[in-house]
Amino acid sequence: MNCLCCHEEIIIELDWANFLFPPKSSKLCDNCKRQMTLLHGNRCNRCSRVTEDKICDDCLRWQRYYDGVDVLEYNYSVYTYSSFMQDLIAKWKYRGDYELGTVFEDSYSTFFQKAFASIKDAVIIPIPLSMERLHERCFNQAEMLASFLSLKKMNILSRTHGEKQSKKSRNERIYSENPFILQEKLNNPVILVDDIYTTGTTLRHAAKLLKDAGCPEVYSYTLIRG
Ligand SMILES: [Zn+2]
Ligand SMILES: [Zn+2]
């Protein structure tokens, strides 16, 4: 089998341990696997940014913006946004390599247990793409990530217009209109799923809508902390 990322052949050296217990066939070569760096060390309890602060400055700003109560309980992310991860995500997301996304399955489902096991009756909502983006990319990476999790999923968010977020400044983004519409009310805690947490704006737009509609708590689970 070849590595899904660099396409080198994966060679498993036989020793006594894996002769007796053959390892699961790997999707990535050791070299690529090594470069997928898990977030480690102290992180912001709210957004998973690596920092010594309990709550980082950005999150304190969000809290003030929402009059003292952040609409997002917390975000948990798995990987750092290294240049290797940037390339991997670009191949997967923008160049439509659906299969490549399967390399995240094990870690994404394992860390979910660690971060969200205590939340009862939670429902997963993947962040939707606009129809325009979905046509370009052929699949929604957030939905693929959600498919790795065994909890109930509901696709009840949709986009009002195309996402041109990255072209706006941070302030414009914060104060811009909510790009989502909620199609159904929900009284369960919600865990939003997306590939990356960058400024947290998109996730908070979704969280605000859900909270206003009666959701008791909204969390987010992202593959990468940008
Ligand atoms: Zn490789
Ligand atoms: Zn933070």
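**Helix packing and the parallel sheet**

In this predicted model, the buried residues of α4 pack against two helices, α6 (131–137) and α7 (141–147), and against the strands β5 and β6. The residues of α4 that are buried are Leu88, Ile89, Trp92 and Lys93. Viewed down the axis of α4, these buried residues fall within an arc of 110°, so they line one face of the helix. Such an arrangement can be read against the geometry of the α-helix, which has 3.6 residues a turn, so that residues three or four places apart point the same way. On the other side of α4, Ser83, Ala90 and Tyr94 are exposed. The length of α4 was also examined: at 1.5 Å a residue, its 12 residues should span 16 Å, and the computed distance of 15 Å between its end C-alpha atoms agrees with this. Gly96, which follows α4, has a positive phi near 65°.

On the N-terminal side, Ser82 lies in the loop that connects β1 (75–80) to α4 (83–94). Ser82 is partly exposed, because 13 other C-beta atoms lie within 10 Å, a count that falls between the limits of 12 or fewer for exposed residues and 20 or more for buried ones. When residues up to four places away in sequence are not counted, Ser82 touches Gln35 and Thr37. Pro179, by contrast, is 97 residues from Ser82 in sequence and 28 Å from it in space, C-alpha to C-alpha.

The strands β1, β6, β5 and β2 form, in that order, an open sheet of 4 strands with parallel pairing. Its edges are β1 and β2 (123–126), each of which pairs on one side only, and neighbouring strands are turned against each other by 20° on average, direction ignored. Within the sheet, the parallel strands β5 and β6 are joined by 7 bridges, and Tyr197 has Arg225 in β6 as its bridge partner. Helix α5 (residues 105–116) packs on the sheet, where it touches β1, β5 and β6, and its direction makes about 140° with that of β6.

Helix α9 likewise lies across β1, β5 and β6, and runs at about 170° to β5. Its buried residues are Thr202, Leu203, Arg204, His205, Ala206, Ala207 and Leu210, and their packing partners are α3 (57–65), β1, β3 (157–159), β4 (180–182), β5 and β6 (218–225). For the 12 residues of α9, a span of 16 Å is expected at 1.5 Å a residue, which agrees with the 16 Å between its end C-alpha atoms. Just after α9, Gly214 takes a positive phi of about 115°. The loop between β5 (190–197) and α9 (201–212) contains Thr198, which counts as partly exposed because it has 16 C-beta neighbours inside 10 Å. Thr198 and Gly226, although 28 residues apart in sequence, are 4.6 Å apart in space, C-alpha to C-alpha.

In soluble globular proteins, nonpolar side chains tend to be buried together. Here the largest nonpolar core comprises 45 residues, of which Leu145, Leu192, Val193, Ala206, Ala207, Val218 and Leu223 touch the most other members. The largest share of this core, 6 residues, is contributed by β5. For Leu145, the contacts beyond four places in sequence are with Phe104, Tyr108, Val193, Asp195 and Leu223.

Notes: Residues numbered from 1 in each chain as written. Chains lettered and ligands numbered in written order. Predicted model: local features only at pLDDT ≥ 70, side-chain atom pairs only at ≥ 80, totals over all residues. Contact = placed C-beta atoms within 7 Å. Core = buried A, V, L, I, M, F, W, Y, C linked by C-beta atoms within 7 Å. Expected span 1.5 Å × (residues − 1). Arc of directions from axis to C-beta. Pairing = 2+ DSSP bridges. Axes fitted to C-alpha atoms, helices over the stretch in contact; angles between N-to-C directions.
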